Amino acid sequence: MTNRPLPGAAPSPGPSAQPASREAGPDGARPGVAAPPAPRQGGSGPAKGASPAPVRTAARPGRRGGGGRKSPLARGGWTPWLYLAPALVVIGGLLVYPVYQLGLISFLEYTQAQVSGGEPATFQGFGNYATLFGDPQFWQVLLATVLFAGACVVSTLAVGCALAVLLTRVRAVPRLALMMAALGAWATPAVTGSTVWLLLFDPDFGPVNRILGLGDHSWTYGRYSAFALVLLEVVWCSFPFVMVTVYAGIRAVPAEVLEAASLDGASQWRIWRSVLAPMLRPILVVVTIQSVIWDFKVFTQIYVMTGGGGIAGQNLVLNVYAYQKAFASSQYSLGSAIGVVMLLILLAVTLVYLRLIRRQGEEL
């Protein structure tokens, strides 16, 4: 009679079956190799007395047996902070302490009498801010500052980005000449640059009026013409930073991307708007924030070119307004309050702009 195997039972090993290795366990399985599934009886479930096959789980990367992730300070120790300590000390001395003093004076009654020691400084709380916000001239100057800074930022970015693209289209010699001229304008001190622009637009001896045939037209007499003249000088001394930074970013873009866009028939404006601008967005964020900070707190150009704020203060901006309150009127507490308001406005603009960029998924 032939012994037929039961349904679901494993077939007996034939004569060609190899003997179990010496390193095999008592059940015939080799270490490190998963055991085969247990035979089923009748195909309905595991056999009685059979142990389930061990299941291996891959360890997740970055996890350790002792717990969760460690903080950056625990991973790196104090070494990075030791390297940063000198810079933090310098920043603390040059930035934190002056800001603290500025905020402290803004809450005191601090005039010439307190500076000379004739009267003690008294705490006013938010009285200086109430006086400042109740002055209609402050709101007029704030609006003029915002509009003027916005025009300067837009003009600087437009000129700088256009010249950065131009640098990629010209040969080596014109490119070198343009970069040297731009860096010369950037290195010129603000007082010197403002004086040169005043000489160029002088109503009596300036070459601009002679070339344009304007006679003895005074550019600094009218409010809007004076702001326009200062805007040109601010853009002239600010666009080199944008140009050099954006040009370096364009050079980092793969040439195959620009070549593919050109082969598809895209114009230079379309290449900039659809290809370069999205790829250069982190760089554009940096230059925009820098331009906002620089142009919002313009002082030297306005003070030199308009004679301290123009006729009857028609060309005042917040920085010049604070200077007049603090030093011309000896109201140092009001000048400090204006400085604190400017600091808060710049911080709010920067944080809001960075938050919008983060929402779009950009990494800075």
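Visitor: Over residues 57-67, how many contacts beyond four places in sequence does the model have?

Guide: Keep in mind that this is a predicted model, and that pLDDT, the predictor's confidence in each residue, runs from 0 to 100. Over residues 57-67 that score stays under 50. Where pLDDT is low, the predicted coordinates should not be read in detail. For this stretch, the contacts beyond four places in sequence number 2.

Visitor: And over residues 1-35, where pLDDT also stays under 50, how many such contacts are there?

Guide: Go easy on the details here too, since low pLDDT means the predicted coordinates should not be read closely. For residues 1-35, the count of contacts beyond four places in sequence is 11.

Visitor: Which helix has the highest confidence in the protein?

Guide: Start with the whole chain: the average pLDDT is 81, and 78% of the residues score at least 70. There are 15 helices and 2 strands. At the bottom of the confidence range sits helix H1 (residues 72-76), with a mean of 55. At the top, with 94, is helix H5 (residues 136-167).

Visitor: What share of the protein's residues count as buried?

Guide: Let's look at the outside before the inside. The accessible surface comes to about 24000 Å², and carbon and sulfur atoms account for 64% of that. Out of 364 residues, the buried share is 29%.

Visitor: Which residues touch the most other members of the largest nonpolar core?

Guide: This core has 34 residues. Helices H4 (127-133), H5, H9 (223-252), H13 (300-305), H14 (318-328) and H15 each give two or more residues to this core. There's also a second, separate core of 24 residues, including Val153 and Leu167. Back in the largest one, the residues touching the most other members are Leu132, Phe138, Phe148, Ile302, Leu318, Tyr321 and Ile338.

Visitor: Which glycines does Ile302 touch, leaving out residues up to four places away in sequence?

Guide: Ile302 is one of the residues that touch the most other members of the largest nonpolar core. Its partners include Phe148, Phe227 and Val230. The glycines among them are Gly307, Gly308 and Gly309.

Visitor: Is Ala185 buried or exposed?

Guide: Ala185 lies in helix H6 (residues 172-187) and touches Trp236 and Cys237, setting aside residues up to four places away in sequence. The C-alpha atoms of Ala185 and Glu233 are 9.9 Å apart, although 48 residues separate them along the chain. The relative accessibility of Ala185 is 5%, so this residue counts as buried.

Visitor: How far apart in space are Arg223 and Gly310, C-alpha to C-alpha?

Guide: Arg223 is in helix H9, and with a relative accessible area of 36% it is partly exposed. Beyond its neighbours within four places in sequence, Arg223 is in contact with Ala144, Gln314 and Asn315. Arg223 and Gly310 are 87 residues apart in sequence, while in space the C-alpha separation is 7.5 Å.

Visitor: What is phi of Ala312 near?

Guide: Most residues other than glycine have a negative phi. Ala312 has a positive one. This residue is in the loop between H13 and H14, and it is exposed, with a relative accessible area of 80%. Its phi is near 55°.

Visitor: Where does Ser330 lie?

Guide: Ser330 is another residue other than glycine with a positive phi, near 60°. Two helices flank its position, and Ser330 lies in the loop between H14 and H15.

Visitor: Which helix supplies the largest share of the nonpolar patch on the surface?

Guide: The patch is formed by Ile91, Leu95, Val96, Val99, Leu343, Leu344 and Leu347, with about 590 Å² of accessible area together. Helix H2 (79-106) and helix H15 (332-359) each supply at least two of its residues. The largest share is 4 residues, and it comes from H2.

Visitor: Why does Leu347 count as partly exposed?

Guide: Leu347 is one of the patch residues, and its place is in helix H15. Partly exposed covers the range between buried, under 20% relative accessible area, and exposed, over 50%. Leu347 counts as partly exposed because its relative accessibility is 45%.

Methods. Residues numbered from 1 in each chain as written. Predicted model: local features only at pLDDT ≥ 70, side-chain atom pairs only at ≥ 80, totals over all residues. Heavy atoms only, no water. Patch = residues over 30% accessible without salt bridge, like charges linked within 9 Å, V, L, I, M, F, W, Y side chains within 5 Å. Areas by Shrake-Rupley, 256 points an atom, 1.4 Å probe, with all protein chains shown as cover. Salt bridge = Lys/Arg side-chain N within 4 Å of Asp/Glu carboxyl O. Buried < 20%, exposed > 50% of the residue type's maximum accessible area, 1.4 Å probe, protein only. Contact = heavy atoms within 4.5 Å. Core = buried A, V, L, I, M, F, W, Y, C linked by side-chain atoms within 4.5 Å.
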